[in-house]
Amino acid sequence: MQFHHHGYVSTNPKVQPAAGVGLNRPEELPDQVDVLIIGTGPAGMITAAQLSQFPDVTTRIIERRPGRLEIGQADGIQARSVETFQAFGFAPEIIAEAYHITEMNFWQPDPENPQNIVRTSRAVDDEMGISEFPHLIVNQARVLDYFADVMRNSPTRMTPDYGWEFLGLEIGEGEYPVTVRIVGSGPENQGQERTISAKYVVGSDGARSKVRDAIGCEMSGDRANHAWGVMDVLANTDFPDIRTKCAIQSHDGGSILHIPREGGYLFRMYVDLGVVPDDDHGKIRQTPLEEIIARANKILHPYTVDVKSVAWNSVYEVGHRVTHRFDDVPTSLAGTRTPRVFITGDACHTHSAKAGQGMNVSMQDGFNIGWKLGHVLEGRSPESLLSTYTAERQVIAQNLIDFDRTWSSMMAKKPEEFENPQELADFYVRTAEFPAGFMTEYTQSMIVGAARHQALATGYTVGKRFKSARVARICDTNPLHLGHLAAADGRWRIYVFADAAKPGTAGSTLEKFADWLATDPASPVVATPEGLDRNAWFDVKVVYQQDHRAFDLNDVPAVFKPQVGEFGLNDLENVFGTLPDDDIFAQRGIDRDGVVVVVRPDQYVADVLPLAATDELGAFFAGVLKGHAAAQV
């Protein structure tokens with residue numbers, strides 16, 4: 001990480017200098033805010049953490065609980081989420097404390113003695129090398145703690161406002177058009193009603209979302225009429241795979257999805273409670289814990305589980321539901337006005353917990369809307385940017401529902417209902433990229449290009465997340481992952497992959513591009529307002545084809561070494577070469593004539609362009625930047 005550019009720092013460098021609204025942040029919830037977020041679940045907290053990086057945006061996040069979440073229901077952290085944590089600066093810490101899933105084992109009835117279960121197969125969790133990051137299990141409460149740290153250490157010094165419950169809202173006119181009614185739910189403000197005026201509202205208030213109801217969104221979908229008991233327990237057992245993720249199918253007792261938890265002792269079991277009768281009227285949800293434990297022992301036979309302590313347990317029925325829009329603009333009015341209220345996470349999509357997607361997809365909802373609100377409120381982008389939220393995330397939610405419907409129905413099958421004993425294990429391996437979070441592919445819009453030049457960088461699919469690869473940083477010769485340097489700071493990334501000319505060659509394609517980027521009115525970098533560092537809006541990095549020993553920094557154009565901070569110090573950490581045995585050009589199918597890869601603030605590839613296509617690059621950002629000169633191109 002970079003620091004000292006504003007002066008010597010001897011304290012924790014993760015604590016950024018206070019700025020903007022963080023300089024005199026009031027402890028009390030103000031009457032007017034730019035963004036009011038309802039709910040401190042994963043979707044709400046990542047939205048707040050992203051907006052906390054915009055010093056001039058007043059964001060507050062309220063929660064009806066009196067304090068932090070202590071016991072989280074979600075626990076699965078897919079690799080895409082760990083990539084996101086890296087951008088927010090806490091991936092190493094959460095990786096260190098989490099349980100790592102490396103294999104999943106499958107158990108079925110013993111053909112010779114069907115009352116007993118036997119291990120039938122093992123599946124490597126990431127057999128295809130989808131990500132360099134691991135698949136983790138960690139308490140949801142700890143994820144929220146880390147996002148709270150990001151907020152607290154940000155320039156805005158943001159902290160949640162606990163003890164406030166959402167009552168309703170109305171959308172009117174004016175600078176602060178959303179009027180929100182809230183009521184105190186804490187020990188000191190119980191029953192106290194207040195009205196907050198906001199420019200925008202984000203409802204991250206869960207499956208029973210009052211914000212969703214207030215904007216007239218309705219859930220549609222189905223219930224699978226199948227119930228599961230879930231419990232986090234400390235227990236002694238002779239089941240040999242108690243510290244390995246397992247799918248367990250018994251002869252006549254149902255199934256278990258078994259998930260070890262962080263810390264070495266705790267584990268979670270989703271225990272099959274069977275089909276729910278139509279006339280059940282919710283009675284299945286009253287299933288006592290003792291029965292869930294008894295069913296678990298029946299399924300695990302001949303092994304037993306002796307439960308010593310229960311940290312948390314619940315009963316739920318599988319449901320797959322999604323709203324048709326994720327904002328307040330009715331479908332009939334789409335395109336006629338921009339939204340003011342948004343919903344994220346369980347407020348707009350619900351599904352089973354067994355695919356480990358709820359927290360992960362919800363966080364990508366929040367990451368998506370967070371940077372967009374920041375750009376609009378700071379004047380970087382037009383309000384039309386906000387309409388891309390529903391357009392992008394509603395499709396992803398529907399894809400998730402479709403996948404989860406298949407996965408949860410397979411988990412509920414009896415062994416004899418499968419065409420072959422390996423069907424469940426094969427499905428797990430074959431579809432690994434989807435639950436890992438890497439099948440998201442946004443379609444063409446104002447922030448996703450037409451992919452006309454996709455062949456120039458086949459490893460960077462336009463609309464999909466930027467997959468990191470290793471390079472050598474020239475200034476210090478360190479080999480590192482290029483993608484790991486992309487912080488969740490609201491900046492666009494422009495990765496410039498140089499042509500084959502020797503660095504410093506006059507008239508090369510790269511030299512011409514660098515001159516355009518630094519001086520042309522149509523360049524997005526030139527759009528950076530006066531008074532800000534040249535890299536405040538755009539993080540520009542160059543990767544040369546040569547080995548890092550083949551040239552030095554004096555061969556590199558100045559636009560890749562911007563002057564930053566109050567002393568105007570040269571940032572030398574944007575210049576890279578290839579590694580002899582780890583060539584990023586070969587790994588990602590990058591054309592040797594030179595390529596520009598544009599990446600959004602939420603890590604998704606926005607466009608792939610030839611190095612000489614400056615007109616196209618300028619035209620792309622003409623639609624993204626408000627009032628930029630490129631709009632006249």
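The following paragraphs go through helix contacts, sheets, hairpins and salt bridges in this predicted model.

Local features need pLDDT of at least 70 and side-chain atom pairs count only at pLDDT 80 or more, while totals for chains, interfaces and linings use all residues. Residues are numbered from 1 along each chain as its sequence is written, and side-chain values use heavy atoms, with hydrogens and water left out.

Helices (DSSP H or I, at least four residues) and strands (DSSP E, at least two) are numbered from the N terminus. Helix α1 covers residues 42-51 and helix α4 covers residues 140-152; their axes come within 9 Å and cross at roughly 15°. Axes here are lines fitted to C-alpha atoms, for helices over the stretch in contact, and angles run from 0 to 180 degrees between N-to-C directions. The crossing angle makes α1 roughly parallel to α4; angles under 35 degrees count as roughly parallel, over 145 as roughly antiparallel, 65 to 115 as roughly perpendicular and the rest as oblique. The crossing of α1 with α4 is left-handed, a term used if the near helix is turned anticlockwise from the far one by less than a right angle, with right-handed used if clockwise. From α1, the contact takes in Pro42, Met45, Ile46, Ala48 and Ala49, and from α4 Gln140, Leu144, Phe147, Ala148, Val150 and Met151. Contact means heavy atoms within 4.5 Å. By class, ten residues of this α1 and α4 contact are nonpolar, one is polar and none is charged. Ala, Val, Leu, Ile, Met, Phe, Trp, Tyr, Cys and Pro count as nonpolar, Asp, Glu, Lys and Arg as charged, and the others, Gly among them, as polar.

A second helix pair is α2 (residues 79-88) and α7 (residues 358-377), whose axes come within 10 Å and cross at roughly 40°. α2 and α7 are therefore oblique to each other, and their crossing is left-handed. On the α2 side the contact involves Arg80, Ser81, Thr84, Phe85 and Phe88, which meet Asn360, Met363, Gln364 and Phe367 of α7. The contact of α2 with α7 divides into four nonpolar, four polar and one charged residue.

Arginine 80 also forms a salt bridge with glutamate 83, with the closest N and O atoms 3.2 Å apart. A salt bridge is a side-chain nitrogen of Lys or Arg within 4 Å of a carboxyl oxygen of Asp or Glu. Glutamate 83 and arginine 80 are three residues apart in helix α2, so about one helical turn separates them. Side chains of opposite charge can pair when their charged atoms come close. Over the whole structure, the search finds 40 salt bridges.

The strands come next. Strands of a sheet pair through backbone hydrogen bonds, either parallel or antiparallel. Two strands count as paired if DSSP finds at least two bridges between them. One open sheet has three strands in the order β3-β7-β4, with antiparallel pairing. Its edge strands, each pairing on one side only, are β3 (76-77) and β4 (99-101). Three bridges link β4 to β7 (residues 135-137) in the antiparallel sense, and histidine 100 has leucine 136 in β7 as its bridge partner.

Two hairpins can be followed in the same way. Strand β5 (residues 103-110) and strand β6 (residues 113-124) run antiparallel and are joined by eight bridges. Methionine 104 stands opposite alanine 123 in β6, and the hairpin connects β5 to β6 through two residues. Strand β9 (residues 164-171) runs antiparallel to strand β10 (residues 178-184), with seven bridges between them. Glutamate 165 stands opposite valine 183 in β10. The hairpin of β9 and β10 has six residues between the strands, and glycine 174 in the turn has a positive phi of about 95°.

Further along the chain, seven strands form an open sheet in the order β20-β19-β25-β22-β21-β26-β27, with mixed pairing. The edge strands β20 (479-481) and β27 (605-610) each pair on one side only. From one strand to the next, the twist averages 30°. Strands β19 (residues 470-473) and β25 (residues 575-578) run antiparallel and are joined by two bridges; alanine 472 has glycine 577 in β25 as its bridge partner. Helix α10 (residues 509-519) lies across β21 (492-497), β22 (538-547) and β26 (595-599), and runs at about 170° to β22.
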